[in-house]
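I opened this notebook to keep a record of what I looked up in the structure, entry by entry. The topics are the disulfide, the confidence, the overall make-up, the cavities and two residues.

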Amino acid sequence: MRVRVATTALGITAALLALPACSTDTTGAKHRPPSAARTGKPSDAVQKPAALSSAALETRLLDQSDLGSGYLLKPERPSQHDDVTVIGCPALSELGGDAATGGTPAFPHKAKSDFTYGGSSSEISEELYSDSPKKLSDGIDRIFDAMTGCPTYQVVAGGTPIDVASQKLPTPHSGGDEQWSQLLTFTAGGRSSVLKQTAIREGSLLLIVSGSSALVDRHLDKALDRPR
């Protein structure tokens, strides 16, 4: 089955188009025991913390001083509007407008930063979103379920076929109300790249940290615990 979507969810398109020469970082495969973060869906009727503006979210992003030496801020990429063909994963077609342009969830308030590390192909990105707890929970849950529901599929981006393998991971031992985590392996032309993505919802704030498994594991708690 061939499905055309604006882009794959959570910024995967950028990772596919910038596939490094060789990246086999699988250190994220070992995890601490999962926390009991997923304790049920939030109800807006009970809990309605105020959503934060995009400007407020910008001030909460990690910066170079938080990450330490060796990290360089990447310039913001122009929005990509090229269609991506997904083969073998019907669930991704159901995302539709939820993926939005740029591959990010369609929440009204957002902020993002991207860093490279040590002049290598290792990268880490942080995304912050704000909306009602229920909308955040339902939106990100739907995206992760669709992506991890297909163990293998293929993406054709810019005429290049890329094999994708997804693996649902135990949630990390961190705070927050709900957590999601996955490992994605992209293979094209004999080259492989591994991307880890972990999302944590805390009230009306959603944090997504993506990139090299080792870097995500190193900075996830720091991103979550950054003074709000």
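**Entry 1: disulfide**

I searched the whole structure of this predicted model for disulfides, and the search returned 1. The bond joins Cys 89 and Cys 150, whose sulfur atoms lie 2.0 Å apart, and I note that this falls inside the 2.5 Å cut-off for such a pair. I then looked up where the two cysteines sit: the pair links distant parts of the chain, 61 residues apart, with Cys 89 in the loop between strand S3 (84-87) and helix H4 (90-93) and Cys 150 in the loop between helix H5 (133-148) and strand S6 (152-157). For the geometry I wrote down 85° about the S-S bond, which makes the link of Cys 89 and Cys 150 right-handed. I also asked whether these cysteines are buried or exposed, and found both Cys 89 and Cys 150 to be buried.

**Entry 2: confidence**

Averaged over the protein chain, the pLDDT is 76, and 70% of the residues score at least 70. I marked residues 1-39, where the pLDDT is below 50, although the model gives this stretch 116 contacts beyond near neighbours in sequence. I marked residues 96-103 as well, since the pLDDT there is also below 50; this stretch has 20 contacts in the model beyond near neighbours in sequence.

**Entry 3: overall make-up**

I counted 6 helices and 10 strands in the protein chain. Of its 228 residues, 48% are buried. Taking the contacts between residues at least 6 apart in sequence, I found that 70% of them join residues at least 24 apart.

**Entry 4: cavities**

How many cavities of 30 Å³ or more are there? The count comes to 2, and the largest cavity holds about 60 Å³ of space. Its lining, as I listed it, consists of Leu 62, Leu 67, Ser 113, Phe 115, Ile 124, Ser 125, Glu 126, Val 209, His 219 and Ala 223. By residue class, the lining of the largest cavity divides into 6 nonpolar, 3 polar and 1 charged. I next asked which elements supply at least two residues of this lining, and the ones I found are strand S4 (109-117), strand S5 (123-130) and helix H6 (213-225). The largest share, 3 residues, comes from S5.

**Entry 5: His 219**

From the lining I picked out His 219, which is found in helix H6. Its relative accessibility is 1%, so His 219 counts as buried. Not counting residues up to four places away in sequence, I found His 219 touching Leu 62, Leu 67, Tyr 71 and Ile 124. Leu 62, Leu 67 and Ile 124 also appear, with His 219 itself, in the lining of the largest cavity.

**Entry 6: Asp 66**

I turned last to Asp 66, which is found in helix H3 (residues 64-67). Why does Asp 66 count as partly exposed? Its relative accessibility is 22%, and because the buried class ends at 20% while exposed means over 50%, a value in between is called partly exposed. Leaving aside neighbours within four places in sequence, I recorded contacts of Asp 66 with Leu 61, Lys 222 and Arg 226. Asp 66 and Lys 222 are 156 residues apart in sequence, yet their C-alpha atoms are 8.0 Å apart in space.

Key: Residues are numbered from 1 along each chain as its sequence is written. This is a predicted model: local features need pLDDT of at least 70, side-chain atom pairs count only at pLDDT 80 or more; totals for chains, interfaces and linings use all residues. Side-chain values use heavy atoms; hydrogens and water are left out. On a 1 Å grid over the protein atoms alone, a cavity is a set of points where a 1.4 Å probe fits but cannot get out, and a pocket is an open set with protein on both sides within 12 Å along at least five of seven lines; lining residues have an atom within 4 Å of a point. Grid points are joined across faces, edges and corners, and a volume is the space filled by probe spheres set on the points. Helices (H or I, at least four residues) and strands (E, at least two) are DSSP runs, numbered from the N terminus. Ala, Val, Leu, Ile, Met, Phe, Trp, Tyr, Cys and Pro count as nonpolar, Asp, Glu, Lys and Arg as charged, and the others, Gly among them, as polar. Buried means under 20% relative accessible area, exposed over 50%, partly exposed in between (1.4 Å probe, protein chains only). pLDDT is the predictor's confidence in each residue, from 0 to 100. Contact means heavy atoms within 4.5 Å.
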